[in-house]
Structure formats: structure tokens, C-alpha cells
Amino acid sequence: MNTLLMPESSINTKSPLKVGVACVKLVKEFGDGANRNRVLHELDIDFYSNQLTLLVGPSGCGKTTLISIIAGLLFPTSGDVELFGTPQSRLKGGKLVRFRAQNVGFVFQQYNLLPALTATENVCVPLLIQGVPRSKALIKAKEMLDRVGLATRAGAYPRELSGGQQQRVAIARALVHEPRLLVCDEPTAALDGNSGRTVMQLIREVSVQPGRVVIVVTHDSRVYSYGDRMIEMSDGRVTNTSNSPSSSMTDSQVISQFKSKETH
Ligand SMILES: Nc1ncnc2c1ncn2[C@@H]1O[C@H](COP(=O)(O)OP(=O)(O)OP(=O)(O)O)[C@@H](O)[C@H]1O
């Protein structure tokens, strides 16, 4: 693990950053024998608290596999992930499920809301899984919907909401139990430009908090300016790590600035 000092222009500049999630010699293979396919090659990556890290790279390079292992949805073939000091390899069965339920929030490309539940009820789900009484869960869920600007749509069903509104409900659901890790897989891929910007602004504003790690997998260059740091992958390896430029730049300026700040 190491400490990274951010440049003056970046969003979180004040103190040395703390590692929240550390991947240690992470290997993932699918298949057996002649069909074995190594998808992640001994990855050593640190993700810092109080930062939004973008994970980018060509299709098939292993981004979803990596975040699925970090989030405890997939097991690595070898290596380990330390989540806030706890090696995942030490957590088995029910302990891993509980740890994940408490510490991890997910936002997916297709929202994954339960169609038979209202926005508020969808947001309640992570709290109910943790055993929070329904009346308390409803209050917290409504507060969270307010924070994502959807207080007036609390009783709406997913089919009555636009794509951008559904993604905002999904963000509220991912954060309602105050997880220390938020993982977003292509959160803007199904959204138009304006909705995508609103969603990324929200992810920045409501999710990047002291002690929280935020990882966003994206192909969408429109969202690059919302990151503090960008990790580029290719063919199961990290090829570059760079710090964020200011968020007022155009896409091409953003990309060239990222490229010029190579630290890896
Ligand atoms: N369950 C699985 N079984 C076998 N191979 C898999 C499985 N999941 C992923 N792979 C393979 O692992 C490689 C990496 O896939 P992954 O989905 O992690 O890439 P990605 O970078 O997220 O791609 P995309 O940007 O298209 O979502 C691909 O070659 C994929 O076919």
C-alpha cells in the first residue's frame, strides 16, 4: 500500500489519502484445462477513500470481473482483496454475505429496481436485509430520496419514472445503508447526456464522503471530469493510473490532461 498526494487542482487536496480497498496479486481465471482463460493478471491496485476512481479500458479487459471480486460477488482464483483492512479471504459464507450487505452499495447500468415496489420501498431494501424495522427504514429511505431530488416521486413505481430518475432511485438504494464502498458499473450507459450528467453529479455529491471508496466503471468519456483518479486497464492488467483534471474542461481537454499526468 502507498500514499498518493493529489495535485493542487484536484477536488480532494487537503490531506494524504488513505487506502480503503487494496487488491493484492489478484488473479481470476475462468474455465479449466485447455479452456482456461486468465482474465486478471496478478493485479495490485489501491483504491483511496474520499475519492471517485474511474476504471476504464476496452471491452473485455476485465473491469466488471475486477469490481465483482472487490464487491464479493465473485471469488478470485488467487490473491486477495482487503476491504478497509479486512482481507476478504478471511470472510466465509454468512460472514461474507453480512459484510457485503453492510459495507457495499451497487449501482448497475440497468438500475435493477424491483418493479412491484415503489421508489421508497426499493430504497428500503438494503435496510430491511440488515433487519432495520420497516418504519425506520421508510423514514431513512425518504430522506435519501430527498437527497437525490426525488422526494415528490417517492410513491412512484419504476415504470412511472424516466431512466435518469430510476438511476437516482438506484443511487439512493445503494447509499441508504451508508456503505463504505460504492461500486457503479456503467451507471450512465443507458442515459442521455443530461441525465448522465445529473447522475454523475449526484454520485459525486452524495457518495464521495470521508472514509468511503467510490469506484465507477465506465466507457463514457462524458463522465471523466467527475473522477478524482483514473485507472486504465487492458487485457487484465493496469496500464496507466492518473490523477484528475479540473471538472470545467471539455472532453478532449480532460482526456489529454489525464494522459499527461501519468504517475504509473
Ligand atoms: N462467467 C464467465 N465465464 C467465462 N468467461 C467470463 C465470465 N465472465 C467474464 N468472462 C470473460 O472475462 C473477460 C473479461 O470480462 P469482463 O466482463 O470483466 O470485461 P469488461 O472489461 O467489463 O467488458 P465490458 O466493458 O464489455 O463490460 C471476457 O473475455 C469475458 O468473456
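Let's start in a hairpin: Ala22 stands opposite Asp46 in strand 2. The two strands involved, strand 1 and strand 2, run antiparallel and are joined by eight bridges. Here two strands count as paired if DSSP finds at least two bridges between them. Strands (E, at least two residues) and helices (H or I, at least four residues) are DSSP runs, numbered from the N terminus. The hairpin has six residues between its strands, and Gly31 takes a positive phi near 80° there.

A quick word on what you're looking at. This is a predicted model, in which local features need pLDDT of at least 70, side-chain atom pairs count only at pLDDT 80 or more, and totals for chains, interfaces and linings use all residues. Residues are numbered from 1 along each chain as its sequence is written.

## The antiparallel sheet

Strand 1 and strand 2 belong to an open sheet of four strands, ordered 2-1-4-5, with antiparallel pairing. Its edges are strand 2 and strand 5 (86–87), each of which pairs on one side only. Strand 4 (residues 78–83) meets strand 5 in the antiparallel sense over two bridges, and Leu83 stands opposite Thr86 in strand 5.

What lies across this sheet? Helix 1 lies across strand 1 (19–30), strand 2 and strand 4, and runs at about 120° to strand 1. Angles like this one run from 0 to 180 degrees between N-to-C directions, and axes are lines fitted to C-alpha atoms, for helices over the stretch in contact.

## Around the ligand

Helix 1 turns up again at the ligand. The shell there consists of Phe30, Asn37, Val39, Gly57, Ser59, Gly60, Cys61, Gly62, Lys63, Thr64 and Thr65. A residue is near the ligand if its C-beta atom, placed from the backbone, lies within 6 Å of it. Strand 2 (37–48) and helix 1 (63–70) each supply at least two residues of that shell, and helix 1 gives the most, with three residues.

By class, the shell has three nonpolar residues, seven polar and one charged. For this count, Ala, Val, Leu, Ile, Met, Phe, Trp, Tyr, Cys and Pro are nonpolar, Asp, Glu, Lys and Arg are charged, and the others, Gly among them, are polar.

## The mixed sheet

Now for the other sheet. Six strands form an open sheet in the order 6-7-8-3-9-10, and the pairing is mixed. Strand 6 (104–108) and strand 10 (237–243) stand at the edges with a single partner strand each, so one side of each is left without a neighbour in the sheet. From one strand to the next, the twist averages 20°.

Strand 3 (residues 51–56) and strand 9 (residues 229–234) pair in the parallel sense over four bridges. In that pair, Thr53 stands opposite Arg229 in strand 9. Helix 6 (residues 193–207) packs on this sheet, where it touches strand 3, strand 7 (181–185) and strand 8 (213–217), and its direction makes about 165° with that of strand 8.

## How the helices pack

Two packed helices are described by the angle between their axes and the distance between the axes. Here are three such pairs.

| Helix pair | Angle | Axis distance |
|---|---|---|
| Helix 3 (residues 119–129) and helix 5 (residues 163–175) | about 30° | 7 Å |
| Helix 3 and helix 4 (residues 134–147) | roughly 120° | within 8 Å |
| Helix 5 and helix 6 | roughly 15° | within 9 Å |

Helix 3 and helix 5 are therefore roughly parallel to each other; angles under 35 degrees count as roughly parallel, over 145 as roughly antiparallel, 65 to 115 as roughly perpendicular and the rest as oblique. Their contact is made by Ala119, Asn122, Val123, Val125 and Pro126 of helix 3, and by Val169, Ala172 and Arg173 of helix 5. Residues are in contact if their C-beta atoms, placed from the backbone, lie within 7 Å. Sorted by class, this contact has six nonpolar, one polar and one charged residues.

Where does helix 3 meet helix 4? Residues of helix 3 including Ala119, Val123 and Leu127 meet residues of helix 4, among them Ala137, Leu138 and Met144. By class, ten of the residues in this contact are nonpolar, one is polar and three are charged.

Helix 5 and helix 6 are therefore roughly parallel to each other. Gly163, Gly164 and Ile171 are among the residues of helix 5 in this contact, and helix 6 brings residues including Thr198, Val199 and Leu202. The contact of helix 5 with helix 6 has six nonpolar, six polar and one charged residues.

Conventions. Contact = placed C-beta atoms within 7 Å.
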